[in-house]
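Subject: Structure handover

Hello,

Please find the structure below, with notes on what was found in it after that. The notes cover the ligand site, one sheet and the aromatic rings.

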Amino acid sequence: MAEKILKYLHDNGEASTLKLAELFNEAHQKIIGTLKSIQANGDLVTAEPVSEKNIELTDEGKLVAKEGSHEANLYKAVPESGIAQAELMKFPNAKVGFSKAMSNGWIFVDKAVNPPLVKRKVPNITDLVQDHLKLVDVGKHSELTDKEKAEYKKRKLIQEAVIKSFLLKKGPEFNLSLNKLETDLTADMLTSGNWKNLKFKSYNFDALGAPPTSGFLHPLLKVRAEFRQIFLEMGFSEMPTNNYVESSFWNFDALFQPQQHPARDAHDTFFVSDPQYSNKFPEDYLQRVKTVHSKGGYGSQGYRYDWKLKEAQKNLLRTHTTAVSARMLYKAAQEKEFKPLKLFSIDKVFRNETLDATHLAEFHQVEGVIADYGLTLGDLIGVFAEFFKKLGITELEFKPAYNPYTEPSMEIFCFHPGLGKWIEIGNSGVFRPEMLRPMGIPEGVTVIAWGLSLERPTMIKYGFNNIRDLVGPKVDLEMVQKSPICRLNK
Ligand code: FB9
């Protein structure tokens, strides 16, 4: 029986146990028992419980299905010559049988004789009740009319019941036979040679991995991992960005950003009140920075203002990771011999700006920096073109821009096929000599750099229109769990 069920499933894909009982002309309980034996051999089938209203025979109905209806049996008990009603009533279920046989027109009472005799009115009959109840017994109650079912229910020959059955489908370990499929090839099987006698479950290469129960990466961190991988593939090393608090000196002065620049006031920058000031700077370098701001140098006329140490000492939340780039370039310039650098950073920066659907007071800046002899704007374009190509972006345009610390500077745009429009994707430039020379970066060495954010590409990639759906206290954690794997160039 098990093989018959498995064969049926193989040919038809699924089957109800009720259907199988009808098909194999077996009691439903026998099918259920066979199902249990199949399940004991592994996940050959899946069994989805199904509760459905069914009609079944009562005990009396089973008797009638087996031995005929009371009215048919009473008709058969009436001899050709007739029988006294009192005699006839001694038969089992005679009362019901007599009444039904009379209403069916099968018998009549001949009162012309004394005593009156019960006689047959028709030469033969068809016991429809028995035929109908046999249909009900094999699950074919749908062949009865509602009126017939109501009649038999009234006579307590049938009753409604909730039949618990199962919908069977092929399981992950489906097989046409009950021979348990081995899932592991063990050392014992190999040494004993017993593997030759065993059946092995075939690999299901389409099987999905078990969904992780925890440890989901936020989309931002998925994109960060992809960006980090791209930089590492391109030979860049990551900068140490583990200091959100920075001095104005490294965040602005070292980058030749004048102390009166609007970006340096409290409307654009978060200043730290405690500790409010830094006081440890490389003294000789600080003097060179002060000079290049106030008097110029290295061919530059400077900004010609009274540069204030107190302003440079103010602590703040860094407004860009270029502050870290400055620290790294200064550190490299202190080495005896300058070695070319390829550095990157991806970390939080903070700006006291107007918030909107795509801008918060903090975001992740992505920055790439290359320092080497004789680098040109062409090298810069080539490098970030390669970087963006790995994001699937190939159609780039550039617009002249201004940054206090780079000259020339360019805004970078791309035509985004998904959005069907040109979008700004970053900013770039060549660090000015007024920034590099005070550090001690040798003549002939140029430093090129570009930057973008993490949030914008993530919003586009994952289809977010409002940044508050991506980051912040209102984020739906289920979004994090359900966010798909990040493939930036797909
Ligand atoms: O990321 C930005 N846009 C972007 C980037 C990638 C992207 O990928 C999609 C798959 C296609 C899509 C969009 N932008 C830079 C441009 C705009 O979003 C802009 O509105 C917001 N900008 C931020 C600053 O806003 C206050 C993004 C952020 C930004 C801008 C400039 C830099 C870094 C981040 C820089 C720099 C720099 C320049 C020279 C030298 C060193 C660093």
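**Ligand site**

By class, the shell around the ligand holds nine nonpolar, ten polar and five charged residues. Here Ala, Val, Leu, Ile, Met, Phe, Trp, Tyr, Cys and Pro count as nonpolar, Asp, Glu, Lys and Arg as charged, and the others, Gly among them, as polar. This is a predicted model, in which local features need pLDDT of at least 70 and side-chain atom pairs count only at pLDDT 80 or more, while totals for chains, interfaces and linings use all residues. Residues are numbered from 1 along each chain as its sequence is written, and side-chain values use heavy atoms, with hydrogens and water left out.

In total, 24 residues surround the ligand, a residue being near if one of its heavy atoms lies within 4 Å. The closest are Glu424, Ile425, Leu452, Ser453 and Arg456.

Three of these residues have N or O atoms to check against the polar contact cut-off (a pair of N or O atoms within 3.5 Å; within protein, one must be able to donate a hydrogen and the other to accept it, and residues adjacent in sequence count only if both atoms are side-chain atoms):

- Glu424: a backbone N or O atom is 3.0 Å from a nitrogen atom of the ligand.
- Ser453: a backbone N or O atom is 2.8 Å from an oxygen atom of the ligand.
- Arg456: a polar side-chain atom is 3.5 Å from an oxygen atom of the ligand.

On its own the ligand has 850 Å² of accessible area, and the protein covers 89% of that (Shrake-Rupley method, 1.4 Å probe; for residues, only the protein chains shown count as cover). Strand S11 (362-373), strand S14 (421-431), strand S15 (445-453) and helix H18 (455-462) are the elements that give two or more residues to the shell. Helices (H or I, at least four residues) and strands (E, at least two) are DSSP runs, numbered from the N terminus. S14 gives the most, with six residues.

**A sheet of three strands**

An open sheet has the order S3-S5-S4, with antiparallel pairing (two strands pair if DSSP finds at least two bridges between them). S3 and S4 stand at the edges with a single partner strand each, so one side of each has no neighbour in the sheet.

S3 (residues 83-84) pairs with S5 (residues 117-120) over two bridges, and Ala84 stands opposite Leu117 in S5. S4 (residues 107-110) is joined to S5 by four bridges; Phe108 has Lys119 as its bridge partner, and Val109 stands opposite Val118. S4 and S5 form a hairpin with six residues between them.

**Aromatic rings**

The structure holds 24 aromatic pairs (rings of Phe, Tyr and Trp, the last by its six-membered ring, with centres within 6.5 Å; planes under 30 degrees apart are stacked, over 60 edge-to-face, the rest tilted). One of them is Phe338 with Tyr373, edge-to-face at 6.2 Å centre to centre and 85° between the planes. This pair links distant parts of the chain, 35 residues apart: Phe338 is in the loop between helix H15 (322-333) and strand S10 (341-350), and Tyr373 is in strand S11. Phe338 is buried, with a relative accessible area of 7%, whereas Tyr373 is partly exposed at 45% (buried is under 20%, exposed over 50%, partly exposed in between; 1.4 Å probe, protein chains only).

Phe387 and Phe388 also pair edge-to-face, at 5.4 Å centre to centre and 80° between the planes, and both are buried. Ring pairs link these two with Phe227, Phe231, Phe236, Phe344, Phe384, Phe398 and Trp450 into a cluster.

Regards
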